[in-house]
Amino acid sequence: MATKHQLMQRIIRRYKDETGESEVDMKEVVKFAIERNLWKLPPPTSPFDKLAKDFTQAAREEYRKDAKTGQEYRVNHAIPVRHGLTQLHLWIDIDEAPRHRILISLMNRREQMVGDGLQLTIDAEHWNNIHPKEDPIEIPLDLTDDVEWKKNTPKAS
């Protein structure tokens, strides 16, 4: 049985096939799917869940300036925690977090970067394989210099 996302992927492909579009606006795909009874709008999000998402976004966007370097750092960090059969994220303030908790959060973010780097490499290799007459796209994954340049670039006021 196909997953929800696999069904959505089939609808996206059908939309592209029927419209001839190669660059897709997902809002147009949603209209297409609803008009053809391929998908129904989900029930509205509860006000409580919406507010929890808003608080999560607010936490994610909070920054402070490091007194020593003047660099802005992200204040709130998520830590995945199992609660019964569910996984949830608890939020901690980097200035209050013990080392072992912030290490978990930072390593999780690093793992996300590794996953992104892997997928980026596979995608570039695929494009290069199906376009052998084009100059290959090479994406360097050593971000050390990029991070240092960004760290040392003056912020616009």
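## Report on a predicted 157-residue model

Asn-128 lies in helix H4, which covers residues 99-130. The model described here is predicted.

**Asn-128 and its surroundings**

The relative accessible area of Asn-128 is 18%, and the residue is therefore buried, the cut-off for that class being under 20%. Beyond the residues up to four places away in sequence, Asn-128 touches Pro-136 and Ile-137. With Ile-137 there is also a polar approach: a polar atom of the Asn-128 side chain lies 2.7 Å from the backbone nitrogen of Ile-137.

**Overall layout**

The protein contains 5 helices and 4 strands. Read from the N terminus, the order of the elements is α-α-α-β-β-β-β-α-α. The radius of gyration is 22 Å, whereas the globule rule gives 15 Å for 157 residues; the first value is well over the second, so the protein is more spread out than a compact globule. The C-alpha trace spans about 60 × 50 × 40 Å along its principal axes.

Two further totals describe the chain. Of the 157 residues, 13% are buried. Among contacts with a separation of 6 or more, 23% are between residues 24 or more positions apart.

**The nonpolar core and helix H2**

Ile-11, Tyr-15, Val-29, Phe-32 and Ala-33 form the largest nonpolar core, which has 5 residues. At least two residues of this core come from each of helix H1 (4-19) and helix H2 (26-35). The greatest share is that of H2, which gives 3 residues. One of the core residues, Ala-33, is in contact with Ile-11, Leu-38 and Trp-39 when its neighbours within four places in sequence are left aside.

In H2 the buried residues are Val-29, Phe-32 and Ala-33. Viewed down the axis of H2, these buried residues fall within an arc of 95°, and therefore they line one face of the helix. H1 is included in what covers them. On the other side of H2, Lys-27 and Glu-35 are exposed.

Both ends of H2 have a local feature. At its start, a side-chain oxygen of Asp-25 comes to within 2.9 Å of the backbone nitrogen of Lys-27. After H2 comes Asn-37, with a positive phi near 55°. Most residues other than glycine have a negative phi. Asn-37 is a residue other than glycine with a positive value. Asn-37 sits in the loop between H2 and helix H3 (47-60), and its relative accessibility of 71% makes it exposed.

**The E3-E4 hairpin**

Strand E3 (residues 76-83) and strand E4 (residues 86-93) run antiparallel and are joined by 8 bridges. One of the pairs is Asn-76 with Asp-93, the latter in E4. The hairpin has 2 residues between its strands, and there Gly-84 takes a positive phi near 70°. Leu-85 also belongs to the loop between E3 and E4. At 88% relative accessibility, Leu-85 is exposed. Its C-alpha atom is 47 Å from that of Pro-132, and the two residues are 47 residues apart in sequence.

**Ser-105 in helix H4**

Helix H4 also holds Ser-105. Ser-105 is buried, with 2% relative accessibility. Outside the residues up to four places away in sequence, Ser-105 touches His-77, Ala-78 and Ile-79. Strand E3 is given as residues 76-83, and the three residues touched by Ser-105 carry the numbers 77, 78 and 79.

**Accessibility of selected residues**

The table collects the relative accessibility of four residues treated above.

| Residue | Relative accessibility | Class |
|---|---|---|
| Ser-105 | 2% | buried |
| Asn-128 | 18% | buried |
| Asn-37 | 71% | exposed |
| Leu-85 | 88% | exposed |

The two buried entries, Ser-105 and Asn-128, are both placed in helix H4. The exposed entries are loop residues: Asn-37 is between H2 and H3, and Leu-85 is between E3 and E4.

Notes
Residues numbered from 1 in each chain as written. Predicted model: local features only at pLDDT ≥ 70, side-chain atom pairs only at ≥ 80, totals over all residues. Heavy atoms only, no water. Buried < 20%, exposed > 50% of the residue type's maximum accessible area, 1.4 Å probe, protein only. Polar contact = N/O pair within 3.5 Å; in protein donor to acceptor, adjacent residues only side chain to side chain. Contact = heavy atoms within 4.5 Å. Core = buried A, V, L, I, M, F, W, Y, C linked by side-chain atoms within 4.5 Å. Pairing = 2+ DSSP bridges. Arc of directions from axis to C-beta. Rg over C-alpha atoms; globule rule 2.2 N^0.38 Å.
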